[in-house]
Amino acid sequence: MPELLEVKDLKIEATSYPPGEDPVRITIVEGINFTLERGKVLGLIGESGAGKSTIGLSALAYGRGGVEITGGQALLDGEDLLAMNRKEIRAIRGAKVCYVSQSAAASFNPAHRIGDQVIEASLRHKLMTKAEARERAAYLFDILGLPEPESFGKRYPHQVSGGQLQRAMTAMALCSRPDLIVFDEPTTALDVTTQIDVLAAIKLAIEKTETAALYITHDLAVVAQVSDDIMVLRDGAMVEYGPTEQIIEQPEEDYTRALVNVRSIKHQEAADQKRKYFEMSGIHAAYIGGVKVLNDVSLHVPKGQTLAIVGESGSGKSTLARVATGLLPPMAGEVRIEGEPLPAALKQRSRDQLRRLQLIYQMADTAMNPRQTVGQIIGRPLTFYEGVRGAERDRRVQELLDQIEMGEGYIDRYPAELSGGQKQRVAIARALAAKPEIIICDEPTSALDPLVADGILHLLLDLQKKKGLSYIFITHDIAIVRAIADSVAVMYQGELVRFGPKSEVLSPPFDDYTDLLLKSVPEMHLGWLEEVLATRKIESAGN
Amino acid sequence: MRLKEIPISVWIGMTGIIVALICAFFAPWIAPYGETEVVGDVWAPASDQFFFGLDNLGRDILSRMIFGARTTLFVAFCATLLSFTLGIVMSFIAATNRGWIDLGLSRFNDLMMSIPTLIFALVVLATLPQNMPTLIIVMAVLDSTRVFRLGRAVALDVAVMDFVEAARLRGEGTAWVILREILPNTLSPLLAEFGLRFAFAILFVSTLSFLGLGIQPPTADWGGMVKDNKDGIIFGISAALVPGAAIAILTICVNLVVDWLLRRTSSLKGGRGDA
């Protein structure tokens, strides 16, 4: 069978302009070769900055913001995309090659109906009449498992869920019967329980329409389910390229092995979980406007242990953190540390009560003031709670930096000069500076690459051992729960579905939701997707 | 920060501002003649003796320009500074507290803005004693409504960020949240606005002087000088254009510098690395 897409010696560069110096050429991607047959799926996998999106977009002869494709060939059906002029490329984009982006919510125009946007490219390229296009869209909505396929297109983007929108975007890409679709992290922004449906829909649609696809993701377990071949990338170069089975089961390179074996942490669950060190009892909470978010939630965590709260978005797990910290006073219920009730509202809590309970945010980017240096960020709690100043403060900051394994030379840096993992480490140091007893971690690793996230989890566990910290770890990722928790609370639509020691909560018999949640976590073996779809009992609420 | 990294436009702007400042500070020593001294014929043309010629009363225009820089810059700068202090403090209090405080301040601000500035200023200045502090305060209060609008908008964007919440969770007071967390992150748009508002203040004080309600004669100021000499234009005498040009040039110079400051302060790497 002739190759549909053949990429040879691809080289992509960008120009950076340091002030006062001559512009510098930076090579983003170099020496990339691959071929893709009709109807096959190639997975491109790597951490952020590996160049996977850049390579994916080169199949559309597109360079994002200042990026230039400077070498090599990308042959689509034997014609070099990179040698084409603008008009020829426009004839191909949206007709022969289509693109599905990570955030469907940001990619749909909220002012137009979904159906009109789905068929727009096909009409524009005059591939079909409006009636044909609508019929094809309805057919695609049907394959993709969208509700009421005939009338789904009449809805506006805000009227459907995130998972549905992502599938609608896949329909948009498939509508013009393209030869090739580039999927750029299509399920990354979705809940695990929703991800599985979208993944299944994409896989089915690719099979039925016999379209070839480039599937870009950072999650090896996800790509293993949909692709025939996998290319592992790192820092713009190819690490390993081969059939999916070989990459997953017999990876040759160390880096690939690290990716396959990520989340290697094994944490022995604590035996005694009865003592209630930090406790929330009978919490009812609602936001202004009256929608009730939490309904009679009671849980506790002993000293030096980790309670993981799991659930999909909208389950109320972050609201629970807001109640615990006093940002959202509950309608009923109480928060206690060592049996001593904490005032419901933030303003009524004493400085010492505030110190004992610290919060680590999901997005370290927005959790730190970009105008303060690392020294100021970590040093402020020291001054605020203990009155430490001057050289002594610098010494203590450096001590904290050592504890988070960052070492010297960071005190005067600004957050923008740190990597994502380093930022999250600084956020942890800021929490530690207060000498807290309980740290609430609100999805601290979900914005990070798997290997970096692994490092952060290791650090948190080490600190727990050394300092006897209690964690309330909010996450949607069961794999993390398995790795670090002592006890687990499962939340679903504002209620506590299950709460107890990890070994009990994560072993059968399950209630329907816990069952769904456990089965939705992508596993690193072939055929996992099919097994789950065959055995699960209910669908996600966010679907 | 290396000097050679400063672009040429900034040097031009700085030169203009420094010349104006030198004139303002050292007017009595630089000016060849006195501020109110009559030295020759009415509207005498430029000559070696009188660089820009003489004005409608026979006073040296160059000397009056130098003295005028002092008055105009002082009034405009004080008014802008006061309006920013007032506007930023009020708007940040509104943005951090929200609720009825925000509502009250914002609606009062809307009320003030609904009255045309110039008419408001004319009415107020006509009733109040005509001296410099009054003029500065009236200009500042009127201008602070614009600053409030901008300040509240930018502060609201920052106030919802996680790091502000983190500061609150730490137990920080409103003063810390406003001054240390929000203000540094809103400085770029506010600085740009400061430059623009300063230029407007120069124009506004000139306008008021032109209408006879600003700086009172015989004190020299650029707007007033335009007024004094405007009748000459009919006779082809360019005396009024000199202070007019000075106003325009200073406004441009201020903006050249502000544009650059804006680029520098919007860098998140403390001015290191990318600009």
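Here are some questions and answers about a predicted model. Residues are numbered from 1 along each chain as its sequence is written, and chains are lettered from A in the order in which they are written. Local features need pLDDT of at least 70 and side-chain atom pairs count only at pLDDT 80 or more, with side-chain values using heavy atoms.

Reader: How do the axes of helix α17 and helix α18 of chain A cross: roughly parallel or roughly perpendicular?
Author: Happy to help! Helices here are DSSP runs of H or I with at least four residues, and strands are runs of E with at least two. Axes are lines fitted to C-alpha atoms over the stretch in contact, with angles from 0 to 180 degrees between N-to-C directions; those of α17(A) (residues 420–433) and α18(A) (residues 450–467) come within 10 Å and cross at roughly 20°. Angles under 35 degrees count as roughly parallel, over 145 as roughly antiparallel, 65 to 115 as roughly perpendicular and the rest as oblique. That makes the two helices roughly parallel.

Reader: Which strands of the open sheet β12-β11-β14-β15 in chain A stand at the edges?
Author: Strands pair if DSSP finds at least two bridges between them, and the pairing in this sheet of four strands is antiparallel. Inside it, five bridges join β11 (residues 278–286) of chain A to β14 (residues 332–337) of chain A. An edge strand has a single partner, so one side is left without a neighbour in the sheet, as is the case for β12 (292–301) and β15 (340–342) of chain A.

Reader: What kind of aromatic pair do B:F77 and B:F194 make?
Author: Rings of Phe, Tyr and Trp (its six-membered ring) pair if their centres lie within 6.5 Å; planes under 30 degrees apart count as stacked, over 60 as edge-to-face and the rest as tilted. The structure holds nine such pairs over all chains. The centres of B:F77 and B:F194 are 6.3 Å apart and their planes lie at 75°, so the pair is edge-to-face.

Reader: How far apart in sequence are the parts that this pair ties together?
Author: B:F77 lies in helix α2 (residues 61–97) of chain B, while B:F194 lies in helix α7 (residues 174–210) of chain B. The pair therefore ties together parts whose separation in sequence is 117 residues.

Reader: Which residues does a cis peptide bond join?
Author: Good one, since most peptide bonds are trans. Omega is about 5° at this bond, and A:P509 is found in the loop between α20 (502–505) and α21 (512–520) of chain A. The residues joined are A:P508 and A:P509.
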